[in-house]
Amino acid sequence: MPSQSTTSRTGLPERAGDLAATAARYAADADTDRELAPAVTDGIVRAGFARHFVPARFGGAEGGARELLDAVAALAEGCTSAAWCASVTAGAARMGAYLPERGQRELWERGPDTVVVGALMPRGAVTEVADGWRVTGEWEFTSAVGFSDWALVCALVPQDDRHVPWFFALPRADYQVVDTWSAIGMRGTGSHTLTVDNVFVPRHRGFTRDTMLAGRAVASTARCHTVPLRLVSGLLFAAPALGAARGALRVWSEHTAMDTDERNPGPRIALARAAVTVDAAHLLLERAARVADAPAATPLEQVRNPADCAHAVDQLVDVVGQLFRTVGSTGQLAAHPLQRIWRDVHCLASHVALRFDTAGGAYGARLLEPAAG
């Protein structure tokens with residue numbers, strides 16, 4: 001199926017579309033090797049994913065959610081794992097805008113194409129010391145960590161009678177990577193365990209998680225930095241599923257076209273129904289991206305965006321599942337790309353940010369309030 005064309009301010013979607021062909025050539029190897037090929041990781045950086053949300057004063061693009069959605073989806077048509085890594089590294093770099101100014105200068109001192117990864121779940125132990133903290137811990141499922149330059153890890157800091165989540169920026173020399181990623185899908189993401197052993201983190205390389213959730217950026221008024229996290233996080237994880245489903249449509253069409261009987265309209269109807277569902281999911285995600293890029297969002301939009309993203313992914317997973325069930329035994333062979341896409345989208349959809357029960361509960365509660373809006 002043809003990709004969705006777009007005209008962008010930064011050119012990222014166009015470059016991602018070009019990179020998709022390279023990613024597709026290495027997709028099977030990435031699935032086997034459990035990491036992306038250097039040609040793909042280098043391509044992700046050259047395309048501009050790392051710099052997409054970086055502040056302009058450091059040479060970044062200060063790009064929008066809509067452009068990132070289009071770019072990640074385009075890349076995912078070639079390889080879901082490559083698109084996931086591109087998306088999450090763009091999102092992790094965005095988090096750098098919440099560091100104190102000195103920390104931001106250190107993070108991007110070598111340029112805006114610094115590859116940043118995020119370890120988002122609070123883990124490890126933190127001890128406050130003079131001028132900073134000592135951090136020790138392990139963070140599983142850190143996607144793209146193998147080709148990262150910096151990491152932002154989340155840990156609980158004791159404050160008074162409670163523990164407050166903070167993020168700490170660590171250069172590559174301060175953390176190790178333990179090979180632990182062996183999943184059924186998204187195998188090329190290299191989501192291994194990041195470990196830190198009693199590393200000193202100066203005070204200018206930390207910020208509270210609440211700062212990021214609320215969009216209280218330091219020295220930036222760009223919307224990509226001031227937008228609350230809930231408006232953008234679902235898009236980061238849903239965009240690869242959109243491109244993966246488009247790739248599944250293309251693969252299924254190429255396979256089925258060889259056996260189409262003009263007297264049997266079933267395959268054509270199945271394809272049309274699947275294509276319409278993918279387009280509908282795209283429209284939901286596109287609306288969510290427009291909300292994220294807008295100067296402000298209503299309280300209703302703030303809870304609708306996560307629900308839109310989760311529902312769109314549910315629909316995309318269903319489409320890929322239907323295509324997989326009807327492609328025949330050939331599609332189940334290890335060498336066939338459809339079985340890899342099927343595994344990838346099911347693995348991807350399990351992410352906590354894409355669970356509709358959680359997002360839908362908050363949206364439904366808001367809808368039941370008088371004069372919701």
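The following exchange concerns the helices and sheets of a predicted model.

Colleague: On what basis are residues numbered and local features accepted?
Modeller: Residues are numbered from 1 along each chain as its sequence is written, and side-chain values use heavy atoms, with hydrogens and water left out. In this predicted model, totals for chains, interfaces and linings use all residues, side-chain atom pairs count only at pLDDT 80 or more, and local features need pLDDT of at least 70.

Colleague: Which strands stand at the edges of the open sheet in the order 1-4-5-8?
Modeller: Helices (H or I, at least four residues) and strands (E, at least two) are DSSP runs numbered from the N terminus, and two strands pair if DSSP finds at least two bridges between them. Four strands form this open sheet, with mixed pairing. Each edge strand has a single partner strand, so one side of each is left without a neighbour in the sheet; these are strand 1 (116–119) and strand 8 (206–208).

Colleague: What is the average twist from one strand to the next in that sheet, and what angle does the direction of helix 4 make with that of strand 1?
Modeller: The twist averages 30° from one strand to the next. Helix 4 (residues 80–95) packs on this sheet and touches strand 1, strand 4 (150–159), strand 5 and strand 8, where contact means heavy atoms within 4.5 Å. The direction of helix 4 makes an angle with that of strand 1 of about 85°.

Colleague: How many bridges pair strand 4 with strand 5, and which residue of their hairpin takes a positive phi?
Modeller: Strand 4 and strand 5 pair in the antiparallel sense over ten bridges, and Leu152 stands opposite Ala169 in strand 5. The hairpin has two residues between the strands, and the positive phi, near 55°, belongs to Asp160.

Colleague: Is strand 5 largely enclosed or left open, and which residue of strand 8 is the bridge partner of Trp166?
Modeller: Buried means under 20% relative accessible area, exposed over 50% and partly exposed in between, with a 1.4 Å probe and protein chains only. Eight of the ten residues of strand 5 are buried, so strand 5 is largely enclosed by the rest of the structure. Strand 5 (residues 162–171) and strand 8 pair in the antiparallel sense over three bridges. In strand 8, Phe207 is the bridge partner of Phe167, and the partner of Trp166 is Thr208.

Colleague: Is Ser81 buried or exposed?
Modeller: Ser81 lies in helix 4. Leaving aside its neighbours within four places in sequence, Ser81 is in contact with Leu36, Met186, Arg187, Gly188 and Thr189. Its relative accessibility is 4%, so Ser81 counts as buried.

Colleague: In the sheet in the order 2-3-7-6, what is the average twist from one strand to the next?
Modeller: Four strands form this open sheet, and the pairing is antiparallel. Strand 2 and strand 6 (176–178) stand at the edges, each with a single partner strand, so one side of each is left without a neighbour in the sheet. The twist from one strand to the next averages 15°.

Colleague: Which residue takes a positive phi in the hairpin of strand 2 and strand 3?
Modeller: Five bridges join strand 2 (residues 125–129) to strand 3 (residues 132–142), and the two run antiparallel. In strand 3, Val135 is the bridge partner of Val126, while Trp133 stands opposite Glu128. The hairpin has two residues between the strands, and the positive phi, near 70°, is that of Asp131.

Colleague: Which residue of strand 7 is the bridge partner of Arg134?
Modeller: Strand 3 and strand 7 (residues 192–202) run antiparallel and are joined by eight bridges. In strand 7, the partner of Arg134 is Phe200.

Colleague: Which relative orientation do helix 8 and helix 11 have?
Modeller: Axes are lines fitted to C-alpha atoms, for helices over the stretch in contact, and angles run from 0 to 180 degrees between N-to-C directions. The axes of helix 8 (residues 229–257) and helix 11 (residues 337–348) come within 10 Å and cross at roughly 160°. Angles under 35 degrees count as roughly parallel, over 145 as roughly antiparallel, 65 to 115 as roughly perpendicular and the rest as oblique. Helix 8 and helix 11 are therefore roughly antiparallel.

Colleague: Which orientation does helix 3 have to helix 8?
Modeller: The axes of helix 3 (residues 65–76) and helix 8 come within 7 Å and cross at roughly 40°. That crossing angle makes helix 3 oblique to helix 8.
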